[in-house]
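Subject: Structure handover

Hello,

Here is the structure for you to take over. Please open it first, then read the notes below.

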Amino acid sequence: MVRVRYAPSPTGHIHVGNARTAIFNYLFARHEQGTFIMRLDDTDLERSTDENISSMLDDIRWLGLQWDEGFLKGGDVGPYRETERRPLYDKYIQQLLDEDKAYRCFCTKEELEEERKKAEAEHRIYRYPGTCAHLSKEQIQHNLAEGKPYVVRLRIPQEDVTIHDLIRGEVQFKAEEFDDFIIARQNGIPIYNFATVIDDALMHITHIIRAEEHLSNTPRQIFIYRALGFQVPEFAHVSLILAPDHSKLSKRHGAVSVGEYRMQGYLPEALVNYLILLGWSPKDDREFFTMDELIKEFTLDGVGKSGAVFDKKKLTWMNHMYLSKKPAADILAILQRDFST
């Protein structure tokens, strides 16, 4: 059975790009009669406040994306917050150390910086040289006894990685692009790539649909899947939403969050309808869909590789069309619900 997840950092209102990713995951799950899971990547403790978590969840619910399992709903593979999953990460880091698939690196920041400067002076790309990759057990125990701080690095095989992306086709990464990268910091906290692999594997995620900016993370995550003997899921990397000048959409281009459009009077069905058409093409030239129609029609085959330009005028026109067909009593109810103080 298809299992997909939406795993936002709950630091406030959702960016429209993240909202579109959530919509794609939701529609794919519903179309395939699968499960849509909500997981919180809440390791940014300063910004993952209760208030920010609430506003994020309000946005998701307002868009009509009801999740089947996860945060607040529970399930068999929780907890569904990264801050509550530390013992699981520690377990698998220790497993990799015990199996010699990872090792403790005692190199200092100064030593690594010196190596970087040397590589720069020699006009070559810096790669960690594996200084600590073959320390003896005695050397490791001596360093630990002295209290030397360390990170944990994964041993990377010298092999190319090919990703069979459901949107982009085959994407190849050469072996020389990778070194033995860090999977746990000096404070023991795992890096994003490690934590997300553990979460996705233990939650039995079958398809990972996310923004193309995560494509470069994928080969490293595949190395972790393989090292732990986990089944590698299917990947689908969605193009970015672009501003009218074809740069990445940001605050300088105006409102970019779901919450802002909500407060400006846009309807959720209009925003969902518009966002789904940024990157996905239906089989005909239709522009207006109900949620049920989107669930029936949506497939990853219709998602394009190219970036889609966000056109606020088009969104406003679409919102006007939805408003014109909505009874006055319904509009009044929306105003009372969303704008009452």
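Two terms come first. Contact means heavy atoms within 4.5 Å. Angles run from 0 to 180 degrees between N-to-C directions, with axes fitted to C-alpha atoms, for helices over the stretch in contact. Keep in mind that this is a predicted model.

With those terms, start at helix α3, residues 86–98. Helix α3 lies across β4, β5 and β8. Its direction is at about 95° to β4.

Those three strands make an open sheet in the order β4-β5-β8. The pairing is antiparallel. β4 (102–105) and β8 (182–184) are the edge strands, each paired on one side only. From one strand to the next, the twist averages 45°. Four bridges join β4 to β5, which spans residues 151–154. Across from Tyr-103 stands Arg-153 in β5.

Now go to the start of the chain. Strand β1 covers residues 3–6, and both of its faces are covered. Arg-3 and Arg-5 are buried on one side. Val-4 and Tyr-6 are buried on the other. β1 pairs with β2 (residues 35–38) in the parallel sense, over four bridges. Within β2, Thr-35 is the bridge partner of Arg-3. Between the two strands the chain passes through helix α1, residues 16–31. This β-α-β crossover is right-handed.

Two serines are worth a look, both in loops.

Ser-9 sits between β1 and α1. Is Ser-9 buried or exposed? Neither: its relative accessible area is 39%, and partly exposed covers the range between 20% and 50%, so Ser-9 counts as partly exposed. From Ser-9 to Phe-178 is 169 residues in sequence and 27 Å in space, C-alpha to C-alpha.

Ser-239 is in the loop between β10 (234–238) and β11 (241–242). Its relative accessibility is 1%. Buried means under 20%, so Ser-239 counts as buried. Which residues does Ser-239 contact, leaving aside neighbours within four places in sequence? They are Arg-20, Arg-168, Glu-212, Gly-304, Lys-305, Ser-306, Gly-307 and Ala-308. With Ser-306 there is also a side-chain link: the side chain of Ser-239 reaches the backbone oxygen of Ser-306 at 2.8 Å.

That is the handover.

Best wishes

Conventions. Residues are numbered from 1 along each chain as its sequence is written. This is a predicted model: local features need pLDDT of at least 70, side-chain atom pairs count only at pLDDT 80 or more; totals for chains, interfaces and linings use all residues. Side-chain values use heavy atoms; hydrogens and water are left out. Buried means under 20% relative accessible area, exposed over 50%, partly exposed in between (1.4 Å probe, protein chains only). Two strands pair if DSSP finds at least two bridges between them. A crossover is right-handed if, with the strands pointing away from the viewer, the path from the first strand over the helix to the second runs clockwise. A polar contact is a pair of N or O atoms within 3.5 Å; within protein, one must be able to donate a hydrogen and the other to accept it, and residues adjacent in sequence count only if both atoms are side-chain atoms.
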